[in-house]
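Student: I would like a close look at one part of this model, taken together with whatever surrounds it. Could you go through it in one connected account?

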Amino acid sequence: MTDTPFRFPSDDELMAGPNALEEPSEEIDDAAVDDADGVPTSARVEIVVPEIPEGYTAGFACLVGRPNAGKSTLTNAMVGQKVAIMSDRPQTTRHNVRGVVHRETSQLVLVDTPGLHRPKTLLGKRLNDLVRETLLDVDVIAFCLPADEKVGPGDRYIARDLAELRKPVVGVVTKTDTVSREALAAQLLAVDALGDWADIVPVSAKRHEQVDVLEEVLIGYLPPSPPLYPTGEITDEPQAVMIGELVREAALEGVRDELPHSLAVVVDEVLDPAKDSASSAVKGRGQRLQVRVSVVVERDSQKAIIIGKGGSRLKEIGVNARKGIEKLLGRKVYLDLHVRTAKDWQSDPKALAKLGF
Ligand SMILES: Nc1nc2c(ncn2[C@@H]2O[C@H](COP(=O)(O)OP(=O)(O)OP(=O)(O)O)[C@@H](O)[C@H]2O)c(=O)[nH]1
Ligand SMILES: [Mg+2]
């Protein structure tokens with residue numbers, strides 16, 4: 001049998017039907033028969049299993065916990081770069097964010113999830129469902145509980161859920177820099193009493209204390225596997241999603257009550273003068289990447305708050321978001337923000353779908 005290198009069919013060949021590339025085989029010639037077992041080589045299906053480097057492990061660890069427990073901050077600390085936005089407002093994370101920790105002999109894929117909470121809206125329910133689904137597919141779970149808040153009914157509820165999964169769960173006491181040694185010892189005991197944990201690790205993402213210890217513990221639960229991501233790739237978040245998230249992070253700053261929940265962001269357009277020079281829209285702004293983003297709220301009264309007196313708040317959001325986007329992309333950006341209202345979008349299935357939930 002001759003070894004013809006694999007090639008992609010041309011459009012014409014593809015158009016001619018699914019078998020257009022195959023020559024009708026009349027008979028199997030001698031060369032196609034393997035003498036050892038008499039099975040024609042051409043009838044074999046070759047399955048290519050990627051080789052696992054000796055001793056290499058790779059897999060997924062999911063960070064779960066109540067809103068504001070410090071999951072995203074910890075994810076970023078482990079990855080060593082910002083892949084997830086952070087804020088002290090509830091429901092900051094609204095989708096799974098993957099961040100990759102590369103080590104010599106392993107690859108730890110962290111899945112940062114939205115905070116588990118008692119849902120008040122359809123969005124809240126969807127976010128909880130997403131987390132529960134994600135938990136089924138990971139190798140180990142990091143259950144995050146902040147050191148500075150008493151273990152409460154919300155944590156007990158999550159603990160019961162996790163127990164049913166029969167997966168290794170590491171209890172992670174976060175924000176240890178915020179409490180005294182005594183208070184931390186008491187919290188570690190309280191977390192220990194909450195369930196049957198594979199390990200308990202106290203960490204401070206802010207001070208970068210014990211972050212590497214937690215990494216080691218999580219890596220210990222990964223199976224032998226070839227790398228899952230190319231070397232150096234720290235996330236698979238699309239660029240437009242990260243841009244939108246940075247705008248939402250800036251918009252969350254300083255808003256209170258229900259407004260953080262009501263905020264959503266849509267990236268309407270990203271134009272690169274280097275590639276989209278034909279578009280008249282890019283003229284006159286130099287080589288800056290041009291980004292148009294809509295900040296979505298639920299009511300007109302909220303729109304007024306986000307815009308601020310004479311547009312002052314919106315301007316501030318724009319300046320802060322632009323700094324983050326320029327840092328992420330390593331280039332100058334022109335950011336154009338618009339605010340619009342989508343009435344009660346958090347509870348409207350159609351609006352949710354439009355916003356990607
Ligand atoms: N002092 C201190 N604050 C922290 C630490 N980790 C997180 N925080 C703060 O806690 C708040 C919440 O952090 P996030 O990482 O956004 O929390 P989260 O669990 O991802 O929240 P959701 O996405 O809403 O579920 C932010 O204001 C962080 O700055 C820490 O190690 N020390
Ligand atoms: Mg988060």
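Tutor: In this predicted model, strand β4 (residues 140-146), helix α4 (residues 153-165) and strand β5 (residues 169-174) make a right-handed β-α-β unit. The two strands of that unit run parallel and are joined by six bridges, and one position in this pairing is Cys 144, which stands opposite Val 172 in β5.

Strand β4 is also paired with β1 (residues 57-65), again in parallel, through five bridges; here Val 64 stands opposite Phe 143 in β4. β4 therefore has pairings with both β1 and β5, and its burial can be read alongside them: seven of its seven residues are buried. In a regular strand the side chains alternate between the two faces of the sheet. In β4, Val 140, Ala 142, Cys 144 and Pro 146 point one way, while Ile 141, Phe 143 and Leu 145 point the other way, and the residues of both sets are buried.

Following the pairing onward from β4 to β1, one finds that eight of the nine residues of β1 are buried, so that this strand is largely enclosed by the rest of the structure. Besides its bridges to β4, β1 is joined to β3 (106-112) by seven bridges, with the two strands running parallel, and within this pairing Leu 110 of β3 is the bridge partner of Ala 61.

Helix α2 (residues 71-79) belongs in the same picture, since β1, β4 and β5 are among the elements that cover its buried residues, as are β2 (97-102), β3 and α6 (211-219). Nine of the nine residues of α2 are buried, which means that the helix is largely enclosed by the rest of the structure. The buried set includes Lys 71, Ser 72, Thr 73, Thr 75 and Asn 76, as well as Leu 74, Ala 77, Met 78 and Val 79. After α2 comes Gly 80, whose phi is positive, near 90 degrees.

As for the setting of this part, the protein chain holds 11 helices and nine strands, and 34% of its 357 residues count as buried, a figure against which the burial of β4, with seven of seven residues, may be read. Among contacts between residues at least 6 apart in sequence, 70% join residues at least 24 apart.

Key: Residues are numbered from 1 along each chain as its sequence is written. Chains are lettered from A and ligands numbered from 1 in the order in which they are written. This is a predicted model: local features need pLDDT of at least 70, side-chain atom pairs count only at pLDDT 80 or more; totals for chains, interfaces and linings use all residues. Helices (H or I, at least four residues) and strands (E, at least two) are DSSP runs, numbered from the N terminus. A residue is buried if 20 or more other C-beta atoms lie within 10 Å of its own, exposed if 12 or fewer, and partly exposed in between; C-beta atoms are placed from the backbone. Two residues are in contact if their C-beta atoms, placed from the backbone, lie within 7 Å. Two strands pair if DSSP finds at least two bridges between them. A crossover is right-handed if, with the strands pointing away from the viewer, the path from the first strand over the helix to the second runs clockwise.
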